[in-house]
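Please open the model in your viewer with the cartoon and the side chains ready to switch on. The stops below say what to select next and what to look for there.

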Amino acid sequence: MISRKQSAQVIIDHFRCPAHQLQLGLKGELSGEPGFFHFGSGLICYGKCSAFTPLSTYRPPLLDAQPQVEIDSAGALLPFDLSEVVESLRREEYTAALGYGARNWAQRPIMRFGYYLARPLLPVTVRKHLQRLALRGWRQHPFPGWPVDKTVEQLLEGVLGMYLRENRDVEWPFIWFWPEGKQACALMTHDVETEAGRDFCESVMNVDDSYGIKASFQVVPEQRYKVPESYLHQIHQRGFEVNVQDLNHDGRLFDEFEEFQRRREAIHRYAEIFQARGFRSAVLYRKVDWLSTLGFEYDMSIPNAAHLDPQAGGCCTTFPYFVGELLEIPVTMTQDYSLFHILRDYSLSLWREQSRRVLESHGVMTYIIHPDYVRGKVEMRVFQDLLGYLRELREHEDVWIPLPRELSKWWRQRRQMQLVKKDNCWEIIGEGRERARVAYAKWQNEKLVYDLQS
Ligand SMILES: [Zn+2]
């Protein structure tokens, strides 16, 4: 069937299934330019397509590529390159085509520069008002999906599901996403913005500890506040983690490459001093290619659906993924600042909704709680309720709550593991295998289901 092969690496990377378990072919010639199209009724994809010319700007109704897929016993023949479409979503290549760049004043360097210069002089209420103004209309954005976008995993599952529907007898094993068969993962991360936040970290650790949850602290090395050795030592000593947050948090890390290179040297030095393996940029500003040159083990700067962040876009996945050697752990939960000050919401309902959706797809819930913003009584209450909710998820839904560096270690080990058949049984080999589980994907009751081996 397959006239022209395309790489199935994106499926192998996500599921860690044996190579050649599902072959992919490309049907016809791809369009010259990428654009928007549907896969099935609900999924919005961005990339090149061979079945028709995808729309260069988002103008529904979109054409559906799914009916063009052909399945046989060896695999799937697709009218698009699956890896390319997944990559362009993860790399947020669709943002310009959605017109988000022009809409968003905060992304124009000159506006941002002016805003950051004026920021210390602006009363907080004015600042919040300006931010709400800049983000107005966000609920009308068609893409990424709100409140969580799972396009990447749904697309991979969509293709796999079509294959298994036609090949129900095929045994389709893979290495389960999380250690010990955990259902999903949750991370608590704290970005330290000002001296007041820094001085509140000890209290925040006490609160985290009272719920049995360890977290990472993203510390700004320069200009914002002093970073005494004793402060770092205390965080490490209590079993929490320190990461580097930007360099000086001026919002200009990604403005010019030459300056970025200069700052990168300084960031390297601080990574060593902080004993940090992870990075987060200020305000979740990002250029993924630049981020991957910073030399960290992992990064946590890319939102899943960035409707409430100054830089629009989103990586459309709730799973960690590799960019070269860098592990990108997406920020999948709305930040505390946006919840309190843009949505003016002091309840858990949005976070519960987002968590539930991530849990359904077995992804990672990445929370950002700023010590600076939970110093108030009401905000502290919300934070504690959230920790209580996470504890509940751990106890009743089998959610794993590690430090980000533990997640990174697991995801790296899992990448190196192999599934091999021994005496008619699938076995996992490689470092960390004792924590890993074999799972099977199946087509059951008209949907794709996962069966975890005990
Ligand atoms: Zn920050």
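Two strands count as paired if DSSP finds at least two bridges between them. With that in mind, and remembering throughout that this is a predicted model, begin with the open sheet of three strands, whose order is S7-S19-S20 and whose pairing is antiparallel. Its edge strands, each pairing on one side only, are S7 (173–175) and S20 (447–452). Averaged over the sheet and with direction ignored, neighbouring strands are turned by 35 degrees against each other.

Select S7 together with S19 (residues 438–444), and you will find three bridges joining them in the antiparallel sense; within this pairing, phenylalanine 174 stands opposite alanine 439 in S19. Now add helix H6 (residues 151–166), which lies across S19 and S20 and runs at about 65 degrees to S19.

**The zinc site**

Which atoms coordinate the zinc ion? Select the ion and its surroundings: the donors are two OE atoms of Glu193, OE1 of Gln245 and NE2 of His249, at 2.0 to 2.4 Å. The angles among the four donor atoms run from 56 to 132 degrees, and the site is classed as irregular. Four donors count as tetrahedral if all angles lie between 85 and 135 degrees, so the lower end of the range, 56 degrees, rules that class out.

Along the sequence the donor residues follow the spacing E-x51-Q-x3-H. Glutamate 193, in the loop between S8 and H7, and glutamine 245, in strand S10 (residues 241–245), are 52 residues apart, and this pair links distant parts of the chain. Both glutamate 193 and glutamine 245 are buried.

From glutamate 193, move to histidine 370, which is placed in the loop between S15 and H13. Is histidine 370 buried or exposed? Its relative accessible area is 4%, and because anything under 20% counts as buried, histidine 370 is buried. Apart from neighbours within four places in sequence, histidine 370 is in contact with Asp191, Glu193, Gln335 and Asp336, and Glu193 in this list is also a donor to the zinc ion.

**Strand S15 and helix H13**

Step back along the chain to strand S15 (364–368), where five of its five residues are buried. In a regular strand the side chains alternate between the two faces of the sheet. Colour Val364, Thr366 and Ile368 for one side of S15, and Met365 and Tyr367 for the other, and you will see that both faces are covered. Show S8 as well: S8 and S15 run parallel and are joined by five bridges, with cysteine 185 opposite valine 364 in S15.

Next select helix H13 (residues 377–396), whose 20 residues should span 28 Å at 1.5 Å a residue; its end C-alpha atoms are 28 Å apart, so the two values agree. Its buried residues include Met380, Phe383, Leu386, Leu387, Tyr389 and Leu393. What do the buried residues of H13 pack against? Their partners are strands S8 (184–192), S15 (364–368) and S16 (399–400), together with helices H7 (195–210), H11 (336–342) and H12 (349–361). Beyond the helix comes aspartate 398, where phi is positive, near 60 degrees.

**Helices H9 and H14**

Turn now to helix H9 (residues 257–274): its 18 residues should span 26 Å at 1.5 Å a residue, and its end C-alpha atoms lie 25 Å apart, which agrees. Among the buried residues of H9 are Phe260, Ile267, Tyr270 and Phe274, and also Arg263 and Arg264. The buried residues of H9 pack against strands S9 (216–219), S10 and S11 (278–280) and against helices H8 (229–237) and H10 (288–291); S10 is also the strand that holds glutamine 245. Glutamine 275 follows H9, and its phi is positive, near 50 degrees.

For helix H14 (residues 404–416), draw a distance from the first C-alpha to the last: the 13 residues reach 19 Å, close to the 18 Å expected at 1.5 Å a residue. Its buried residues include Trp410 and Trp411 as well as Arg412 and Arg414.

**A second sheet**

End at the open sheet of four strands, ordered S1-S2-S6-S5 with mixed pairing. Strands S1 (5–6) and S5 (70–71) form its edges, each pairing on one side only. S5 runs antiparallel to S6 (residues 75–78), to which two bridges join it, and glutamate 70 stands opposite leucine 77 in S6.

Technical notes
Residues are numbered from 1 along each chain as its sequence is written. This is a predicted model: local features need pLDDT of at least 70, side-chain atom pairs count only at pLDDT 80 or more; totals for chains, interfaces and linings use all residues. Side-chain values use heavy atoms; hydrogens and water are left out. The expected span of a helix is 1.5 Å times one less than its number of residues. Buried means under 20% relative accessible area, exposed over 50%, partly exposed in between (1.4 Å probe, protein chains only). Contact means heavy atoms within 4.5 Å. Axes are lines fitted to C-alpha atoms, for helices over the stretch in contact, and angles run from 0 to 180 degrees between N-to-C directions. Donors are N, O and S atoms within 2.8 Å of the metal (3.2 Å for Na, K and Ca); water is not among the atoms, so sites may look incomplete. Four donors count as tetrahedral if all angles lie between 85 and 135 degrees; four count as square planar and six as octahedral if opposite donors are over 155 degrees apart and all others between 65 and 115; anything else is irregular.
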